[in-house]
Amino acid sequence: MSPLLKDQEIIIDVEELVYGGEGRACYNEQDVLIHRGVPGDRLRVRITGFKDTAARADIIEVITPSDIRQVPICPVFLEGCGGCQWLHMDYEAQLYWKGRMIARIIQDYETLSHVQVHQVMGMDDPFYYRNKMVVRMRGPKEALRIGFQDNKRWVLNVYNKESGQCYIQHPLNNQLGRALAVSLTQERRPLKSATIRVSDEEEVSLDLEKKWRTDIASDLEGIGRQTPYVHYTIHDRRFRVTSPSFFQANTRQTGVLVETVLDLLPKKPAKTAIDVYCGVGLFTLFLTDRFESVYGIEESKTALEDARHNAETLHISNVQFIYDKAENALPEIMQAVERAEVILVDPPRSGCNPDVLHAISQCRPGILVYISCNASTLARDLDILDQNGMKTTDIRPVDMFPHTYHVECVARCVPG
Ligand SMILES: C[S@@+](CC[C@H](N)C(=O)[O-])C[C@H]1O[C@@H](n2cnc3c(N)ncnc32)[C@H](O)[C@@H]1O
């Protein structure tokens, strides 16, 4: 069989979605990943290149559309914007395919082939949910483009137009994006990007290049209330989040994530729990209801200060926050406490440091809850844990990022 060539045009049927968002089809036993391909589509595509073992392709013509394909509501998505990837797919179908995607990644590992992947918990209203926006600016003031990148890193213009908006950004972020466009078309300061975080309390925190901060902040004055930190209320608890600290980007769905985690924990009060990679104390300050002592470990200074502040304002005293790298702090805590009934880990996308996995396997907590926004590193780490005696039973995915291929997973592991 002749191999596929660059620029070759072929007709192909899309079978599934892969992590990264593309549709996967098979041609002469070769995988072809198609930008914006939808399972069930019959497409005419052009091969654009090759990466790893797969060919990459762009759609030339949708010959037969899948019945889950829909007309995207966003005109900038139609121009190629990569701020989200799946706006051309029915939301219920997105949830189904996210579940399939996770199962495929997890069950690729022999040790995890038995792991049950539950239905993805979606949002009732999957729009305007992002509390944090990284917006990019390119071009001179007469032709300013301010918005998000496409898959070739070209910045598309979302906000330099009347009623320009992103359908996954919080309405206040959209207002600020348009105001930023007005400000930069009046005076084009050489700004390449800005990070904006907003809350439902109408607070606005701007992370801008220092040189232009004062000028731009004054141009945006009056849209929300500018402050160095914002607050998010999750169930009955209010969390302060200072500009560089991490917080979940979807405030509404964070309540579901917290409930999902708490649901897995022992109902009876117990002695010790450890929240590794704890951020501003989101999970930590719910664990304190059920455990005599709780430890939170975090390497970011601002996040740790926020966590301590949050504990204080919530009048929670049975918690200790440790400012250190997880790989250093966890083994030390394990030496100091007799046993931890529960360990929670919620690492960055790269997953857990091997020393953290080693410490967990040594300590064998009654339950380990692993929260992850990257199914690939999650699967890698669960496999290592399995080989060291911590068995994964099931995974509960929560859709924190509608219309994108991203999904949060909550895995439960027990000593096996
Ligand atoms: C995905 S966030 C989770 C935070 C928190 N659980 C939440 O949901 O808000 C990961 C956190 O781990 C922290 N972090 C990254 N590497 C770390 C390390 N080696 N040791 C400790 N914390 C780390 C980051 O600063 C960030 O706050």
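## Two helices, a ligand shell and the overall fold

In this predicted model, the cover over the buried residues of helix H5 includes strand S12 (229-234), strand S17 (342-345), strand S18 (367-372), strand S19 (390-398) and strand S20 (408-415). The residues of H5 that lie buried are Thr-251, Gln-253, Thr-254, Leu-257 and Val-261. These buried residues cover an arc of only 135 degrees around the axis, which puts them on the same side of H5. Some spacing of this kind is expected, because an α-helix has 3.6 residues a turn and residues three or four places apart therefore point the same way. The length of H5 can be checked as well: its 13 residues (251-263) should span 18 Å at 1.5 Å a residue, and the end C-alpha atoms are 19 Å apart, which agrees.

Helix H8 (residues 326-336) can be read in a similar manner, with Ala-326, Ala-329, Leu-330 and Ile-333 as its buried residues. Seen down the axis of H8, these residues fall within an arc of 100 degrees, so they line one face of the helix. On the face turned away from that buried side, H8 carries the exposed residues Glu-332 and Gln-335. The table lists the elements against which the buried residues of H8 pack.

| Element packing against H8 | Residues |
|---|---|
| strand S14 | 270-276 |
| strand S15 | 291-298 |
| strand S16 | 319-323 |
| helix H9 | 354-363 |

Ala-326, one of the buried residues of H8, is also among the closest residues to the ligand, together with Tyr-277, Gly-279, Glu-299 and Asp-346. In total, 19 residues surround the ligand, and this shell divides into 11 nonpolar, four polar and four charged residues.

For the protein chain as a whole, the model has 10 helices and 20 strands, and the C-alpha trace spans about 65 × 60 × 35 Å along its principal axes. A compact globule of 416 residues would have a radius of gyration near 22 Å, and the protein chain has 23 Å, which agrees. Buried residues make up 44% of the 416 residues. Among contacts between residues at least 6 apart in sequence, 61% join residues at least 24 apart.

Leu-5, placed in the segment before strand S1 (9-17), offers a view of the chain's beginning. Is Leu-5 buried or exposed? Leu-5 is exposed, because 9 other C-beta atoms lie within 10 Å, where 12 or fewer count as exposed. Leu-5 and Arg-46 are 41 residues apart in sequence, and their C-alpha atoms are 9.5 Å apart in space.

How values were computed:
Residues numbered from 1 in each chain as written. Predicted model: local features only at pLDDT ≥ 70, side-chain atom pairs only at ≥ 80, totals over all residues. Helix = DSSP H or I, 4+ residues; strand = E, 2+ residues; numbered from the N terminus. Expected span 1.5 Å × (residues − 1). Buried ≥ 20, exposed ≤ 12 C-beta atoms within 10 Å, placed from the backbone. Arc of directions from axis to C-beta. Contact = placed C-beta atoms within 7 Å. Near = placed C-beta within 6 Å. Nonpolar A, V, L, I, M, F, W, Y, C, P; charged D, E, K, R; others polar. Rg over C-alpha atoms; globule rule 2.2 N^0.38 Å.
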